[in-house]
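Subject: Structure for you to look over

Dear colleague,

I am passing on the structure we spoke about, with the sequence alongside. Please open both before you read my notes.

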Amino acid sequence: MAAAPPPPLEPGPLPVFTQEGFGDKFLRKTRENPLVPLGCLCTVGVLTYGLISFQRGNTRHSQLMMRARILAQGFTIAALLGGMVVTAMKSRK
């Protein structure tokens, strides 16, 4: 068997990392998983509408909106978990 040449003594160049601001990171994460911000907006919208209904005295509609808020939160959690699974599958490849 032929011996392989020894590894080089000098390390290779280090990678250069750029600082990512809040806005850049938010846009990147939104592009990666657009369902999470959509679910958050739906949750906030339904919650706001439910609170307005409660303030106006329409308790039946307020209760309906609070139940819809739970569904919207569930959708957001499912989108988060789905995004995590997709990201984990991409990193394994």
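Below I go through the annotated regions, the main pocket, one residue in a helix and a pair of rings.

Please keep in mind throughout that this is a predicted model. According to the UniProt record, an unreviewed entry, residues 7-93 carry the annotation "domain: HIG1". In the model, that span is 77% helix and 0% strand, and its end C-alpha atoms lie 27 Å apart. The unreviewed UniProt entry also annotates residues 35-54 and 70-89 as "transmembrane region". Residues 35-54 are 100% helix and 0% strand, with 28 Å between the end C-alpha atoms, while residues 70-89 are likewise 100% helix and 0% strand, with their end C-alpha atoms 29 Å apart.

Turning to empty space, the largest pocket holds about 320 Å³. Its lining is made up of 14 residues, and those nearest the centre of the pocket are Lys-29, Glu-32, Asn-33, Gly-83 and Thr-87. The elements that contribute two or more residues to this lining are helix 1 (22-32), helix 2 (35-56) and helix 3 (59-92), and of these helix 3 gives the most, with 7 residues. In terms of residue character, the lining divides into 6 nonpolar, 5 polar and 3 charged residues.

Is Ser-62 buried or exposed? This residue, which has its place in helix 3, has a relative accessible area of 6% and counts as buried because that value falls under 20%. If residues up to four places away in sequence are left aside, Ser-62 touches Gly-50, Ser-53 and Phe-54.

The last point concerns aromatic rings, for which the count comes to 1 aromatic pair. The partners are Phe-22 and Phe-26, whose ring centres are 6.2 Å apart and whose planes meet at 20 degrees, so the pair is classed as stacked; the cut-off that matters for this step is that planes under 30 degrees apart count as stacked. Phe-22 and Phe-26 are 4 residues apart in helix 1, which means that about one helical turn separates them. As for how open the two residues are, Phe-22 is exposed, with a relative accessible area of 72%, whereas Phe-26, at 47%, is partly exposed.

With best wishes

Terms used: Residues are numbered from 1 along each chain as its sequence is written. This is a predicted model: local features need pLDDT of at least 70, side-chain atom pairs count only at pLDDT 80 or more; totals for chains, interfaces and linings use all residues. Side-chain values use heavy atoms; hydrogens and water are left out. On a 1 Å grid over the protein atoms alone, a cavity is a set of points where a 1.4 Å probe fits but cannot get out, and a pocket is an open set with protein on both sides within 12 Å along at least five of seven lines; lining residues have an atom within 4 Å of a point. Grid points are joined across faces, edges and corners, and a volume is the space filled by probe spheres set on the points. Ala, Val, Leu, Ile, Met, Phe, Trp, Tyr, Cys and Pro count as nonpolar, Asp, Glu, Lys and Arg as charged, and the others, Gly among them, as polar. UniProt positions are given in the numbering used here, feature names are shortened, and annotations may be inferred rather than shown by experiment. Buried means under 20% relative accessible area, exposed over 50%, partly exposed in between (1.4 Å probe, protein chains only). Contact means heavy atoms within 4.5 Å. Rings of Phe, Tyr and Trp (its six-membered ring) pair if their centres lie within 6.5 Å; planes under 30 degrees apart count as stacked, over 60 as edge-to-face and the rest as tilted.
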